Amino acid sequence: MSREAPRPSAVACVVLLASLSGCAREPPALVEPASDPAEARRQLAALAAAGPVPIVVIDAGRRPSAAEVAGLAARGVTGLSVRFAPGHHPEDGRRLVVAPWGLVEPARICAEPGPPAAPEEERPLAAAWCEGARAVASVRVPAGTDRVERERAVWRATARLFPDDYAETYGLNLFGLRVTFGASFGF
């Protein structure tokens with residue numbers, strides 16, 4: 001019994017599909033219009049230097065808990081040592097507000113979020129850096145239905161709210177051009 005060798009076009013198709021599947025990414029975290037993530041990062045850095053940073057978690061009793069959200073939020077902030085302290089804080093202060101399943105619209109998340117609505121499985125996560133009733137920066141991140149996807153959405157949100165300013169802070173300035181060195185990875 002003789003076996004036929006695979007055709008080159010079939011092999012090329014399999015290789016192409018395998019390489020494209022490696023390029024598949026999660027939907028991006030969307031920064032809301034009129035947001036200023038760079039300013040949010042500067043304010044967070046100043047507040048983090050003084051101690052724990054307030055975080056308000058608006059949820060409907062689902063996992064992760066407020067303490068877990070605080071830890072995940074800190075994990076998403078790169079290049080800055082920050083610790084978030086959960087709880088309700090004065091409305092006039094700077095704080096991170098997270099609604100893990102899109103229970104509150106980002107435009108109202110800092111002002112008066114009100115009681116959370118009933119959760120839906122596929123609602124996006126909404127997060128904002130608030131200065132009083134004003135959102136300095138806010139984002140939406142698609143959150144899946146399982147716990148791991150919801151947890152990843154929290155640190156993806158804080159990564160977009162407080163982008164790493166390494167290049168601006170530590171990059172080399174050669175003749176007006178900012179030169180930086182670095183690496184990143186994701187999963």
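Student: What covers the buried residues of α3?

Tutor: The cover includes β2, β3 (84-86), β4 and α4. Keep in mind that we're looking at a predicted model. The buried residues of α3 themselves are Val69, Ala70, Leu72, Ala73, Ala74 and Gly76.

Student: Why does Ala85 count as partly exposed?

Tutor: Put its value beside the cut-offs. Ala85 has a relative accessibility of 22%. Buried means under 20% and exposed means over 50%, with partly exposed in between. Since 22% falls between those two limits, Ala85 is partly exposed.

Student: And where is Ala85, and what does it touch?

Tutor: Ala85 sits in strand β3. Leaving aside residues up to four places away in sequence, Ala85 touches Pro52, Val53, Pro54 and Ile55. You can also look across to Gly71: the two C-alpha atoms are 9.0 Å apart, with their places 14 residues apart in the sequence.

Student: How many aromatic pairs does a search of the whole structure find?

Tutor: The search turns up 1. The rings belong to Trp129 and Phe162, and their centres are 5.5 Å apart. The limit for a pair is 6.5 Å, so these two rings qualify.

Student: What makes the pair edge-to-face?

Tutor: The angle does. The planes of the two rings stand at 80°, and anything over 60 degrees counts as edge-to-face, so that's the label. The pair also links distant parts of the chain: Trp129 belongs to strand β5 (residues 125-131), while Phe162 is in the loop between α4 (147-161) and α5 (166-170), 33 residues apart. Both residues are buried.

Student: Which residues have the most contacts inside the largest nonpolar core?

Tutor: They are Ile55, Phe84, Leu96 and Phe162, in a core of 31 residues. Two or more residues come from each of α2, β2 (53-57), α3, β4, β5, β6 and α4. There's a second, separate core of 9 residues, which includes Val56, Val97, Ala99 and Cys110.

Student: How do you know that β1 and β6 pair?

Tutor: Count the bridges. The rule asks for at least two, and 2 bridges join β1 (residues 30-31) to β6 (residues 134-141), so the strands pair. They run antiparallel. One partnership to find is Val31 with Val139 in β6.

Student: How many bridges join β5 to β6?

Tutor: There are 7, and these strands run antiparallel. In β6, Arg134 is the bridge partner of Glu131. The hairpin of β5 and β6 has 2 residues between the strands, and Gly132 takes a positive phi near 70° there.

Student: How do you know that the span of α4 agrees with what it should be?

Tutor: Compare two values. At 1.5 Å a residue, the 15 residues of α4 should span 21 Å. The end C-alpha atoms of α4 are 22 Å apart, which agrees.

Student: What do the buried residues of α4 pack against?

Tutor: They pack against α2 (37-49), α3 (66-76), β4 (94-99), β5 and β6. Among the buried residues of α4 are Val154, Trp155 and Leu161.

Student: Why do Arg42 and Glu39 form a salt bridge?

Tutor: Their closest N and O atoms are 3.1 Å apart. The cut-off is within 4 Å, so the pair passes. Arg42 and Glu39 are 3 residues apart in helix α2, which puts about one helical turn between them. Here's the general idea: a helix has 3.6 residues a turn, so residues three or four places apart point the same way. Arg42, at 49% relative accessible area, is partly exposed, and so is Glu39 at 25%.

Student: How many salt bridges does the structure hold?

Tutor: It holds 7. One of them joins Glu68 and Arg147, at 2.8 Å from N to O. This pair links helix α3 with helix α4, 79 residues apart. Arg147 is partly exposed at 32%.

Student: What joins Glu68, Arg147 and Glu151 into one network?

Tutor: Shared partners do. Arg147 also forms a salt bridge with Glu151, with the closest N and O atoms 2.6 Å apart. Those two are 4 residues apart in α4, about one helical turn. Salt bridges that share partners therefore make one network of Glu68, Arg147 and Glu151.

Note on methods: Residues numbered from 1 in each chain as written. Predicted model: local features only at pLDDT ≥ 70, side-chain atom pairs only at ≥ 80, totals over all residues. Heavy atoms only, no water. Phe/Tyr/Trp six-rings, centres within 6.5 Å; stacked < 30°, edge-to-face > 60°. Buried < 20%, exposed > 50% of the residue type's maximum accessible area, 1.4 Å probe, protein only. Expected span 1.5 Å × (residues − 1). Contact = heavy atoms within 4.5 Å. Salt bridge = Lys/Arg side-chain N within 4 Å of Asp/Glu carboxyl O. Core = buried A, V, L, I, M, F, W, Y, C linked by side-chain atoms within 4.5 Å.
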